[in-house]
Amino acid sequence: MDAISTNVSKVRELVNNGEFSVWVADNPVLWFVTENPPNTEVTEVGADKSHGEGGSNSCNLYAGISELVYMYQNVPLFVGKKYRFSVDIKILKVGSLRVIENSGFTQWPSVNYFSIGIKTFDFVALSNSVTPLLKNEFPIAHDITFDNVSILPIKNKVWIYK
Ligand SMILES: [Ca+2]
Ligand SMILES: [Ca+2]
């Protein structure tokens, strides 16, 4: 008899268009983007592409030196519940990906990723919303491609014997 840990119900993704499948006017819908093309840009690229290389369905954050570029959205939460943030960094040509919590409640510490792969951390909601903000690191050049920005509630684990 093996005991396995599992989640009993499917959880709902809380980040809208975190898979970067929908774009309008060169920005991902439901994300607030601050850019100054051609010096800084958020653009759609392929998962294996860098800035200006085309493709679709992933997001590229690009900056020359001395300019900020960032994107964010507001995500509803329940106070006291535990959540998991994740982002899949596909290409890190230059720079790093800074992820900060911009609602003013400091629901997670600012993190800065310097390598590719799926990055995750857990946090407990201190407010009824959170504002993940993805940005470059002023004033360094950046060219980063990522996908699947996600915030999921963490369900209680249930032990099943079979
Ligand atoms: Ca995608
Ligand atoms: Ca753009």
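This briefing describes two β-sheets, one covered strand and a few backbone features of the structure above. The model is predicted. One open sheet has five strands in the order β5-β6-β15-β9-β12, and another open sheet of five strands has the order β4-β7-β14-β10-β11. Strand β6, which spans residues 58-63, is mostly covered. A cis peptide bond is found between P37 and P38, and L30 has a positive phi, as does N57.

**The sheet that contains β6**

- The strands of the open sheet β5-β6-β15-β9-β12 pair in the antiparallel sense.
- Its edge strands are β5 and β12, the latter formed by residues 117-124, and each of these two pairs on one side only.
- On average, neighbouring strands of this sheet are turned by 30 degrees against each other, with direction ignored.
- Strand β5, residues 40-45, is joined to β6 by six bridges in an antiparallel arrangement.
- Among the bridge partners in this pairing, V42 is matched with L61 of β6, and E44 is matched with C59 of β6.
- Strand β15, residues 142-153, runs antiparallel to β6, and five bridges join the two.
- Within β15, T145 is the residue that stands opposite N60.

**Burial of β6**

- Six of the six residues of β6 are buried.
- In a regular strand, side chains alternate between the two faces of the sheet.
- On one side of β6 lie S58, N60 and Y62, and all of these are buried.
- The other side of β6 carries C59, L61 and A63, which are likewise buried, so that both faces are covered.
- Two of these buried residues also appear in the pairing with β5: C59 is the partner of E44, and L61 is the partner of V42.
- N60, which is buried, faces T145 in β15.

**The sheet from β4 to β11**

- In the open sheet β4-β7-β14-β10-β11, the pairing is antiparallel.
- Strands β4 and β11 (111-113) stand at the edges; because each has a single partner strand, one side of each is left without a neighbour in the sheet.
- The average turn between neighbouring strands of this sheet is 20 degrees, again with direction ignored.
- Strand β10, residues 97-101, pairs with β11 in the antiparallel sense over three bridges.
- One of the residue matches between these strands places R98 against N112 in β11.

**Backbone features in the loops**

- Most residues other than glycine have a negative phi, and most peptide bonds are trans.
- The peptide bond that joins P37 and P38 is cis, with omega at about 5 degrees.
- P38 belongs to the loop between β4 (32-34) and β5.
- L30 is not a glycine, yet its phi is positive, near 70 degrees.
- The position of L30 is in the loop between β3 (27-28) and β4.
- L30 counts as partly exposed because it has 13 C-beta neighbours inside 10 Å, a residue being buried only from 20 such neighbours and exposed at 12 or fewer.
- N57, also a residue other than glycine, has a positive phi of about 80 degrees.
- N57 is placed in the loop between β5 and β6.
- With 14 other C-beta atoms within 10 Å, N57 is partly exposed.

Notes. Residues numbered from 1 in each chain as written. Chains lettered and ligands numbered in written order. Helix = DSSP H or I, 4+ residues; strand = E, 2+ residues; numbered from the N terminus. Pairing = 2+ DSSP bridges. Axes fitted to C-alpha atoms, helices over the stretch in contact; angles between N-to-C directions.
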